[in-house]
Each structure stands twice: as structure tokens, then as C-alpha cells.
Amino acid sequence: MADKGKIGNVDLTAVIDMVPPARTPSAMFPDVADSAWESYKDTLEDGQLQLYYGVIVLQMDGATILVDTGMGPGPHPDRGNLTGNLYELVSDVLAPPDNTTNTNVSPSDQVNFVIHTHLHADHVGWNLRYAGGMPAPNFRRARYIISKADYDYYTEETMLEQSPHVQRQVIPLRRLRLQEIVEGEHEVTDGISVVPAPGHTPGHQVVLINSGGQKGMVAGDLLHNIAQVSEPTWCAGVDWDKTQSANSREKLLDLAEKENWTVAAGHFPPGQQIGKVIRDGNKRIWAPL
Ligand SMILES: [Zn+2]
């Protein structure tokens, strides 16, 4: 399953690593009354809130970028023992039509950058593979871009103890000399920048794309559910600072609407992960491409 879009010379493809077990809307959004979901029934599946663990692939002349790396191969005991599929799916997207017979080169070698919107478990899972206890990168030619605020927050001693995914999928990147810690607004490569959008986590960042006169964004966890496009104050229970989360969402959705951005949201359902933020009366709504 793939969603596709184009921003100037940048091709976007959304691939879904894993579909975790569904939850009730109130489990995911504890501050939103059940009755408030009446207007957004279409965004639920059988009344349940279904997240998707989507990863966005950006392809342009001279660079291939993965935005986040999903939940990882698993099986994941805290997610119904499900397993992730990202590596295979990304390889399909990246494989050239007439694949070479050189077995030393894998499609994943084409990835130049992995940009992490933030350091939650469902966003870093395919960074590294382990053989005999030793980590090796799944994307060995890539620089892994991580925000300083998230790195500092999650590698502080107490937090690190509670975050095995950071221990396994983030910490070794440093010794492998694959990580790049960035602060504030930062240009990753021509036309691709990360911009702080804090709230979900301290260092949550979105990816802005500016190519051929068109603009867009990979939203990360600025958006968990389509209803948030219309209700930017709705915050996921796991948001670190809900005021900042709502402010970041309002600000970026406003720009997306006014400047006609193409937006990718990895947690949205397949077929709806890439779209535009358009106005319908006094509300913004999501219009999948
Ligand atoms: Zn997430």
C-alpha cells in the first residue's frame, strides 16, 4: 500500500510499517469528550481510533530521505506481538526497475538521510539491526538527523532507563558516527529543512519541503488523527506539553492552508496520508490527494 504525492521535484511516498491495535478515542485523546467525536465519526473505524505507523519517503535528484523509521521488526509484545514491514516496503519503493546483480548493494543504500521528527518508539524502530548483540545500521549510507532537544530529553539518565527503544535504536548511532544532532531550523539538503514544532515531545520537528515553487510538510506527530486538522486544540494524551502541541499545530496548519502546502501525515490511514489543508466554512478540513 502506498500513498504518493509530489512537491516540485520531490516525490513523496508513504509506506506503512505496522498497524497497531486500535484504541478507544478517549484512550488516545483523554481530554476530548466522547460526544465531540460525533462530528468526526468518519475518522474512526468502527468507533475505534486506529493509528497507522507510516513512514514518508522523499526522493529527489541527489537525495533520498526517510522521515522516521517506524516501529521496527518486532514482534512487539506491547503492540499485540505484531511485526513491522518497513525495510521490505522501502526496498520496493527504492529498488530501481532493472535491479543490478551486485548483491553488495541493497536498495536501502540509497537512503542519504533519515530524519527523525522525534524519538518515540514508533519512529525509530528500523534504525539499527542486531547480530550477535552488535548494532549495524539498516541504512548504512544515511546520516540520522535528530533534534538536540529530543536527544537531550531522552538520553537523560532516568528517561533513558525507561526508554529501551532509545537505548537500542538511538544511542549506538553516535558511536557508529551516523548521527547528526541539529538545533532550531536546519537545512538538511537543498529544499528540505527541519523546523521545530514542539509539544508532542520537547524537540519534535516537522520537515518542510520547498521545491520548484511548491511547498509542503511532513507533519510527524503534529497530527495523529484527521479530526485534528479541524480541531487543532485536540491533543494526544501522550503529548509532552499540550499547550505547545496545540500552538505548533495551529501555526503550521494555518501556513499549510494559506500557502497551499502538500502535507504528509504518517499516522493517517492508507489512501489519506498525503493531502491538503483546505477551508470549509469556519473550519479547516483534510483533503487527501
Ligand atoms: Zn507517533
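These legends walk through several close-up views of one predicted protein model.

**Figure 1. The whole chain, with nine helices and 16 strands.**
Start with the full protein before zooming in. The radius of gyration is 18 Å, and the globule rule gives 19 Å for 289 residues, so the protein is as compact as a globular protein of that length. Its C-alpha trace spans about 55 × 45 × 35 Å along the principal axes. Of the 289 residues, 46% count as buried. What about contacts between residues at least 6 apart in sequence: what share of them joins residues at least 24 apart? That share is 66%.

**Figure 2. An open sheet built from seven strands, E1 to E5 plus E8 and E9.**
Follow the strands across and you get the order E1-E2-E3-E4-E5-E8-E9, with mixed pairing. Strand E1 (3-7) and strand E9 (179-182) are the edge strands, and each of them pairs on one side only. From one strand to the next, the twist averages 25°. A quick reminder for reading sheets: strands pair through backbone hydrogen bonds, and they can do so in a parallel or an antiparallel way.

**Figure 3. Strands E2 and E3, an antiparallel pair.**
Zoom in on strand E2 (residues 10-18) and strand E3 (residues 53-60), and you'll find seven bridges between them. Which residue in E3 is the bridge partner of Met18? Look for Tyr53.

**Figure 4. Two helices against the sheet: H2 and H4.**
Helix H2 (residues 86-94) lies across E2, E3 and strand E4 (63-67), and it runs at about 155° to E2. Helix H4 (residues 148-155) also packs on the sheet, where it touches strand E8 (143-147) and E9. The direction of H4 makes about 80° with that of E8.

**Figure 5. Helix H2 up close, with a buried face and an exposed side.**
Pick out Leu86, Tyr87 and Val90, which are the buried residues of H2. Seen down the helix axis, they fall within an arc of 90°, so they line one face of H2. What covers these buried residues? The cover includes E2, E3 and E4. Now check the other side of H2, where Glu88 and Asp92 are exposed.

**Figure 6. The loop between E4 and H2, home to Pro75 and Asn81.**
Two backbone details are worth a look in this loop. Gly74 and Pro75 are joined by a cis peptide bond, with omega at about 5°. Further along, Asn81 has a phi near 60°, which is a positive value in a residue other than glycine. Is Asn81 buried or exposed? Asn81 has 9 other C-beta atoms within 10 Å, and 12 or fewer counts as exposed, so Asn81 is exposed.

**Figure 7. Another open sheet of seven strands, running from E10 to E16.**
The order here is E10-E11-E12-E13-E14-E15-E16, and the pairing is mixed. Strand E10 (186-189) and strand E16 (283-288) stand at the edges with a single partner strand each, so one side of each has no neighbour in the sheet. Neighbouring strands are turned by 30° against each other on average, if you ignore direction.

**Figure 8. Strands E12 and E13, with helix H9 lying across them.**
Strand E12 (residues 205-211) and strand E13 (residues 214-218) pair in the antiparallel sense over five bridges. Leu208 has Met217 in E13 as its bridge partner. Helix H9 (residues 242-258) lies across E12 and E13, and also across strand E14 (262-264), strand E15 (274-280) and E16. It runs at about 85° to E15.

**Figure 9. Asn260, in the loop between H9 and E14.**
Asn260 is another residue other than glycine with a positive phi, in this case near 55°. How many C-beta neighbours does Asn260 have inside 10 Å? There are 13, so Asn260 counts as partly exposed.

**Figure 10. Val207 in the largest nonpolar core.**
In soluble globular proteins, nonpolar side chains tend to be buried together. The largest nonpolar core in this model has 74 residues, and Val207 and Met217 are those with the most contacts inside it. Which residues does Val207 touch, leaving out those up to four places away in sequence? They are Val67, Ile115, Ile192, Val194, Met217 and Val218. You met Met217 in Figure 8, as the bridge partner of Leu208.

Notes. Residues numbered from 1 in each chain as written. Predicted model: local features only at pLDDT ≥ 70, side-chain atom pairs only at ≥ 80, totals over all residues. Helix = DSSP H or I, 4+ residues; strand = E, 2+ residues; numbered from the N terminus. Rg over C-alpha atoms; globule rule 2.2 N^0.38 Å. Buried ≥ 20, exposed ≤ 12 C-beta atoms within 10 Å, placed from the backbone. Contact = placed C-beta atoms within 7 Å. Pairing = 2+ DSSP bridges. Axes fitted to C-alpha atoms, helices over the stretch in contact; angles between N-to-C directions. Core = buried A, V, L, I, M, F, W, Y, C linked by C-beta atoms within 7 Å. Arc of directions from axis to C-beta.
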